[in-house]
Amino acid sequence: MTLRTLLGSAALAALLPCATLAQVMSLDEPDEQAPIQDGEEPLIRMNKDDPSYDVWKLLRDDLSKGREPGPINIQRLRGGFPWQGMPTFFHMPVALTPEDLKAGEVDIAIFGAEMYNGMRVQSYGPMEMRAPMKSEVYHNWGFHMPELDSGLAALDELNVVDYGNAPVHPLSMEISIPEVRKFVAEVAGIELENGNRTIPIIIGGGHVLMYPDAAGLTDVYGKGNLQIIHFDAHADQAPVGFGVYNTHGNPVRRLVEEGFINGEDIIQIGLRGPNSTDLNGVAWNRESGLRYHMMAEVERRGWQAVMDDVLAEARANGKPLFLSFDIDVVDPAFIPGTSTPEPGGMYMREALPLVRRICAENNLVGMEIVELRPERDPGYISVQNSKAILRQCLNGIAMAKHNLPDNYLHPDIVDDGK
Ligand SMILES: [Mn+2]
């Protein structure tokens, strides 16, 4: 059966929209691409006649139709349980446009960003982070429980929304990168009445996101005017990318070499894996002025000493802070659902207070949680622990709002309350 007679069958034609059918029919005379000659750089052409060329980034034209701008609470019941209502991040309201963020004086916009390529297929990390079943205790919308350490319920203290997912191309990271950068800058560009800007929190997706996420923030805060605290088992400055400029293994190198971030404005914590972190890479770190605190240093000096150094270094730097949290920094005993797990990592009881204290610094302007791949975890702890990291950052931001010092602990919960 030829393609044309196959398409001629009424059953198949009914499944295809008219425009798509017309497009497919023209395949009888393919627009052939010339073979690549020796010594010629391969150029992958895009087919702008493909009706799905930009469908992945087209906005609905009725996003704001018939409503005032502002966050939309899509939950019907005032109080409720994790198994009720519609899943969003923490069951919080949704926002669809920058006008919604502005009108709602939104402090924090959480959104997903899926980056696809051969080694990092779609992770469904953002969708699983919205799924109440994976972490019920954190989803009691309507009666948010205050954290014991701060005494604050961050979701009541701050205007937090689910901002959906950033547009990403289904096949190409290269095409997606500028769109994600634009999306981050759009969110971070919202000026609030209290003088702050909306904080984007990006849920990934592979660590290639660090490049457009940080670049998008520098579009708002200025090139060279951002510091990064980078949690990772790997240094992510691999010199090789099989000819591809941006990969999950090199965002740190690209950001520094392209001048978005100064090497001395980067602090790395938790490094231990050989991937993306050989001794040549360590030499590059030193030449570029990065501060790095490897697990070997924790082994020698102890956790508390290293944590104190990280906090002191960030405070001394003073620039607007972007927190890049690759969940593989945590030991795979706690987060097995990730792409490059590396044993010997941070415990959750170490990660949680450090993240809380970093986010309690007043100058946090963005955060990403990347490399979550729930399908590699037959249980639920990867999502549960990733959400705990996110929650502790929100807790820290709420502390900053109340001018609580980063090492604050509610007096009733320490020393028998004395
Ligand atoms: Mn990484």
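How many bridges join β1 to β2? In this predicted model, 4 bridges link the two strands, which run parallel. One residue pair places the contact: Ile110 has Asp162 as its bridge partner in β2. Strand β1 covers residues 108-113. It also pairs with strand β3 (residues 199-204), again in parallel, through 6 bridges. Here Ala109 stands opposite Pro200 of β3.

Strand β1 is mostly covered, with 6 of its 6 residues buried. In a regular strand, side chains alternate between the two faces of the sheet. In β1, Ile108, Ile110 and Gly112 point one way. Ala109, Phe111 and Ala113 point the other way. Both sets are buried.

These strands belong to an open sheet of 8 strands. The order is β2-β1-β3-β8-β7-β4-β5-β6, and the pairing is parallel. The edges are formed by β2 (160-165) and β6 (291-294), each of which pairs on one side only. From one strand to the next, the twist averages 15 degrees.

At the β6 edge, the partner is strand β5 (residues 266-271). The two pair in the parallel sense over 4 bridges. Ile267 stands opposite Arg291 in β6.

Among the helices, α12 spans residues 303-317 and has 15 residues. It reaches 21 Å from its first C-alpha to its last, close to the 21 Å expected at 1.5 Å a residue. Gly318 follows α12. The phi of Gly318 is positive, near 80 degrees.

Terms used. Residues numbered from 1 in each chain as written. Predicted model: local features only at pLDDT ≥ 70, side-chain atom pairs only at ≥ 80, totals over all residues. Expected span 1.5 Å × (residues − 1). Pairing = 2+ DSSP bridges. Axes fitted to C-alpha atoms, helices over the stretch in contact; angles between N-to-C directions. Buried ≥ 20, exposed ≤ 12 C-beta atoms within 10 Å, placed from the backbone.
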